[in-house]
Amino acid sequence: YTPAVFGNLMDEFTEPEICHTPADTLVLMMKAMGIENVANFPFPTAPKEEVLWSALTHLRAIEALDQAYHITPLGRQLALYPLLPRFAKMLLLAAQQQCPEGSVLGHVVVIVSCLSLVTEIFMHLPRDPSELRRGAKAPKEQAEGLSGDPSPPKSEGAGDPSRTGEEGKATVAAPEAEEERRTRALERRRAKLQKLRRRALATRHRKGVAKFSS
């Protein structure tokens, strides 16, 4: 990106985490600390009102809060878990289940671990097998481009001309090798730009902290 884009289109500071994450855990911790009026709490950066009301509704649905939005004994137990309250209740209920085949806690722990991931854990496979093969080749090509050690391209004159079809194969391979070189160069350039962007954001953040402290 250019200096004009960096100065005019990018935010000076990143958005606070409280503005784009679920507030269920925050509201439950505040209730456990005895802060009943969550909506009027003087947050440094207050989340949206609908986010707080959504958290209160979720907590009441899992019985962490009663009908009057007061914390329940179950809610105090859930507040001790470093997880979203709905996941904490899954673990708590699994620990209380007694099955003849054995405890289900281990299976629920695996499920909660998957649901707690930020990234997508499910793969959406295409119906066309050819698209699936192309998608499997893409990560390998990207890894080769980032490593900076691409394999030497095939030349058009490679092979024995006396063999039938060898010259045609070399001619077809030349455009593919050129496309691979372009893809790898683009990936290296993209990685370099991302590194420069992170460095610029860190520098701007340090300048902002120093300005705020002074």
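Buried residues make up 19% of the 214 residues in this protein, which you are viewing as a predicted model. With the whole chain shown as a surface, about 16,200 Å² is exposed, and carbon and sulfur atoms supply 59% of that area. Switch to a cartoon and follow the chain from the N terminus: the secondary structure comes to 8 helices and 0 strands, so that the order of elements reads α-α-α-α-α-α-α-α. If you count contacts between residues at least 6 apart in sequence, 52% of them join residues at least 24 apart.

**First stop: the largest core**

Select Val27, Leu28, Leu59, Ala64, Leu65 and Leu78, which are the residues with the most contacts inside the largest nonpolar core, a group of 18 residues. The elements that give two or more residues to this core are helix H2 (24-32), helix H3 (49-61) and helix H5 (85-96), and the largest share, 4 residues, comes from H3. As general background, nonpolar side chains in soluble globular proteins tend to be buried together.

Keep leucine 65 selected and display what surrounds it: leaving aside neighbours within four places in sequence, leucine 65 is in contact with Lys31, Leu56, Leu59, Arg60, His70, Ile71 and Thr72. Apart from the largest core lies another one, of 5 residues, and you can locate it by selecting Phe87, Leu91, Ala94 and Val112, which are among them.

**Second stop: H2 against H3**

Now show only H2 and H3. In general, two packed helices are described by the angle between their axes and the distance between the axes. For H2 and H3 the angle is about 75° and the axes are 9 Å apart; since an angle from 65 to 115 degrees counts as roughly perpendicular, these two helices are therefore roughly perpendicular to each other. To see the contact itself, select Asp24, Val27, Leu28 and Lys31 on the H2 side, together with Leu52, Ala55, Leu56, His58 and Leu59 on the H3 side.

While you are in H2, pick methionine 30, which has its place in this helix. Is methionine 30 buried or exposed? Its relative accessible area is 5%, so methionine 30 is buried, the limit for that word being under 20%. Not counting neighbours within four places in sequence, methionine 30 is in contact with Ile35, Val38, Phe41 and Phe43. You can also draw a distance from the C-alpha atom of methionine 30 to that of alanine 79, and you will find 9.4 Å between two residues that are 49 residues apart along the chain.

**Third stop: the loop between H3 and H4**

Move along to the loop between H3 and H4, where glutamate 63 is found and where tyrosine 69 also has its place. Most residues other than glycine have a negative phi. Against that background, glutamate 63 has a positive phi of about 70° although it is not a glycine, and tyrosine 69, likewise not a glycine, has a positive phi of about 65°.

**Fourth stop: H5 and its neighbours**

Select H5, which has 12 residues and reaches 17 Å from its first C-alpha to its last, close to the 16 Å expected at 1.5 Å a residue. The buried residues of this helix are Pro85, Phe87, Ala88, Lys89, Leu91, Leu92 and Ala94, and they pack against H2, H3, helix H4 (73-78) and helix H6 (105-115).

Arginine 86, also found in helix H5, counts as partly exposed at 37% relative accessibility. Setting aside residues up to four places away in sequence, arginine 86 touches Asp24 and Ile62. Between the C-alpha atoms of arginine 86 and isoleucine 62 the separation is 6.9 Å, although they are 24 residues apart in sequence.

**Last stop: H5 against H6**

Finally, show H5 together with H6, whose axes come within 9 Å and cross at roughly 175°. That angle makes H5 roughly antiparallel to H6. Across this contact, Phe87, Met90, Leu91, Ala94 and Ala95 in H5 meet Leu105, Val108, Val109, Ile111, Val112 and Leu115 in H6.

End the tour on methionine 90 in helix H5, which is partly exposed, with a relative accessible area of 29%. Which residues does methionine 90 contact, leaving aside its neighbours within four places in sequence? They are Val108, Ile111, Val112 and Leu115. The C-alpha atoms of methionine 90 and isoleucine 111 are separated by 9.4 Å, with their positions 21 residues apart along the chain.

Terms used: Residues numbered from 1 in each chain as written. Predicted model: local features only at pLDDT ≥ 70, side-chain atom pairs only at ≥ 80, totals over all residues. Heavy atoms only, no water. Core = buried A, V, L, I, M, F, W, Y, C linked by side-chain atoms within 4.5 Å. Buried < 20%, exposed > 50% of the residue type's maximum accessible area, 1.4 Å probe, protein only. Contact = heavy atoms within 4.5 Å. Areas by Shrake-Rupley, 256 points an atom, 1.4 Å probe, with all protein chains shown as cover. Expected span 1.5 Å × (residues − 1). Axes fitted to C-alpha atoms, helices over the stretch in contact; angles between N-to-C directions. Parallel < 35°, antiparallel > 145°, perpendicular 65-115°, else oblique.
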